[in-house]
Amino acid sequence: MPIRAASAGLIGLGLPAIAAAASAADRVSTPSIFSPVSTPAFAIREVAFFVLGITAVVFVLVSGLTAYALVRYRRRGSGPAVEPPQVYGSTQIELAWTVVPMLIVIVLFLVTARYIWGIERRPQPDNALEITIVGHQWWWEIRYPTLGIVTANQIHLPVSDPEKPTPTFITLQSVDVVHSFWVPQLAGKMDVIPNKTNRVWVEPLTAGTFVGQCAEYCGLEHALMLLTVVVHPREEFDRWAAAQQTPARDDPAARPGRELFASLACINCHTIRGTPANGIFGPDLTHLMSRGTIGAGAAPNTPQHLRAWVDDPATYKSGALMPAMKLSRDDVDKLTAYLVTLR
Ligand code: CUA
């Protein structure tokens, strides 16, 4: 099972590779709603604790009374079996166990609605970063329309200063089926729906690397839609953006691979800015090597894995829509030698 082994390695072993690829990524934190780093996620944790508090009281009460009844009314000794008095109906008790849960549900509803309303009505400030995330089977396209950057699967964001907040407002779209955008430490889940635009915003207050996953079953490779979010201090983010804005490197040593790439069907699906390749079905490869993984988390992005992926993507992701091109070993070597120059 090399395929699943590779994906299992992601959360365990592969992530240090992502960390190594990004300068802000000192440490990848385990995704958890209980360690938020962004304003909406802090609010979600508050609601979560409130709900947990109420349900904990209900749990202790119910299991406590059950335990008490079990012990207090257990069968004692070996005397003749006596039926306890049979009671039929009690208006007071029935009212109590109908009205109290109803009140609890109403309180939970109102509190949740208030938090959702609070998060959703936040107006977009002028200095907010605007990005668009497009769900694909099975990867994420990430566009920065104001910066002219297109990348995939690894989102880079500036940290927001509470004194002068710079949140990021995200437009969510899908080209095929319903996906769900979820980075637990940054914000709540939001569905990514074809022919509908959803919005979500994040405001990370801490630099670091945070991971998320598609949270809506979307077909064969739903499990391999990893999202990595690298939150940088402002200057570092600006440096990243400036590097991404440059056209692809044209390393003379990699010319044979570059020419081969341009002569194959690769260019129908992939864009490499500064070359004839301008396809839009697959990820933009202009700065491919700046990303931590291949195939949305299917494998760490190393030359060796990249070569195996180009040879046959099904090695890591059996459902990947990119076909094996049936190239000769020599051609795969040339392509890989070119791709690794796209930093
Ligand atoms: Cu995309 Cu699940």
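The following exchange goes through a predicted model, from its confidence to its sheets and one residue of a helix.

The model is predicted, with local features requiring pLDDT of at least 70 and side-chain atom pairs counted only at pLDDT 80 or more, whereas totals for chains, interfaces and linings use all residues. Residues are numbered from 1 along each chain as its sequence is written, and side-chain values use heavy atoms, with hydrogens and water left out.

Colleague: What is the mean pLDDT of the protein, and over which residues does pLDDT stay under 50?

Modeller: pLDDT is the predictor's confidence in each residue, on a scale from 0 to 100, and 92% of the residues reach 70 or more. Where pLDDT is low, the predicted coordinates should not be read in detail. The mean for the protein is 90, and the stretch under 50 is residues 1–25.

Colleague: Which strands stand at the edges of the open sheet?

Modeller: Strands are DSSP runs of E with at least two residues, numbered from the N terminus, and two of them pair if DSSP finds at least two bridges between them. The open sheet has five strands in the order β4-β3-β2-β6-β9, with mixed pairing. Each edge strand has a single partner strand, so one side of each is left without a neighbour in the sheet, and these strands are β4 (149–152) and β9 (198–202).

Colleague: Which residue in β3 does V134 stand opposite?

Modeller: Strand β2 (residues 129–136) and strand β3 (residues 139–144) pair in the antiparallel sense, over five bridges. Opposite V134 in β3 stands E141.

Colleague: How many residues of strand β11 are buried?

Modeller: Buried means under 20% relative accessible area, exposed over 50% and partly exposed in between, with a 1.4 Å probe and protein chains only. From β11, L226, T228, V230 and H232 point one way, while L227, V229 and V231 point the other way, and all are buried. For the strand, which spans residues 226–232, the count is seven of seven.

Colleague: Which residue is the bridge partner of G212 in β11?

Modeller: β11 pairs with strand β5 (residues 154–158) in the parallel sense over five bridges, whereas strand β10 (residues 208–213) runs antiparallel to β11 and is joined to it by six bridges. For G212, the bridge partner in β11 is L227.

Colleague: Is Q244 buried or exposed?

Modeller: Q244 is found in helix α4 (residues 234–245), helices being DSSP runs of H or I with at least four residues. Beyond its neighbours within four places in sequence, Q244 is in contact (heavy atoms within 4.5 Å) with I149, T151, R273, H287 and S290. Because its relative accessibility is 4%, Q244 counts as buried.
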